[in-house]
Amino acid sequence: MLQTLHWADEVRDPGKELPELPSGRAGRGKELQMALQLIEALSGDWEPARYHDTYQEQVRELVKAKAEGQEVALAEEAPTATNVVDLMQALQSSLD
């Protein structure tokens with residue numbers, strides 16, 4: 001989750017980047033109330049123990065294996081697509 005956060009030097013001022021951006025317009029009345037209700041309905045307790053970085057674990061395992069002299073196998077190529085349906089032909093048959 002922390003990897004999606006930005007450092008301070010990566011954050012830009014939207015007013016400078018998008019001069020046509022409307023300013024000073026915030027939701028009012030029912031719009032604001034509906035937005036707050038939606039946020040409240042979708043909010044929940046944050047349980048960081050439920051999440052772990054599997055990508056980083058796999059990279060560490062690969063680095064450790066390589067350091068121990070093991071040969072690291074490359075990932076298999078994605079299988080080629082089979083039984084590809086021609087969408088235009090299917091649409092034409094449905095019209096016929």
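Colleague: How much area does the protein expose, and what share do carbon and sulfur atoms supply?

Modeller: Accessible areas are computed by the Shrake-Rupley method with a 1.4 Å probe, and for residues only the protein chains shown count as cover. Here the protein exposes about 10,400 Å², with 57% of that supplied by carbon and sulfur atoms. Please keep in mind that this is a predicted model, where local features need pLDDT of at least 70 and side-chain atom pairs count only at pLDDT 80 or more, while totals for chains, interfaces and linings use all residues. Residues are numbered from 1 along each chain as its sequence is written, and side-chain values use heavy atoms, leaving out hydrogens and water.

Colleague: What is the mean pLDDT of the protein?

Modeller: pLDDT is the predictor's confidence in each residue, from 0 to 100. The mean for the protein is 83, and 89% of its residues reach 70 or more. Confidence is highest in helix α3, at a mean of 91, and lowest in helix α1 (residues 14-17), at 82.

Colleague: How many helices and strands does the protein have?

Modeller: Both are DSSP runs numbered from the N terminus: helices are H or I with at least four residues, strands E with at least two. The protein has four helices and zero strands, in the pattern α-α-α-α along the sequence.

Colleague: Which span should helix α2 have?

Modeller: The expected span of a helix is 1.5 Å times one less than its number of residues. For the 13 residues of α2 (residues 30-42) that gives 18 Å, and the end C-alpha atoms are indeed 18 Å apart. The 14 residues of α3 reach 20 Å from first C-alpha to last, close to the expected 20 Å.

Colleague: Is α3 largely in the open or largely covered?

Modeller: Buried means under 20% relative accessible area, exposed over 50%, and partly exposed in between (1.4 Å probe, protein chains only). One of the 14 residues of α3 is buried, so α3 lies largely in the open. In α2 the count of buried residues is zero, and across the 96 residues of the protein, buried ones make up 1%.

Colleague: Where is V59, and how accessible is V59?

Modeller: V59 sits in α3 (residues 54-67) and is partly exposed, because its relative accessibility is 32%.

Colleague: What does the side chain of S94 reach?

Modeller: A polar contact is a pair of N or O atoms within 3.5 Å; within protein, one must be able to donate a hydrogen and the other to accept it, and residues adjacent in sequence count only if both atoms are side-chain atoms. The side chain of S94 reaches the backbone oxygen of L91 at 2.7 Å.
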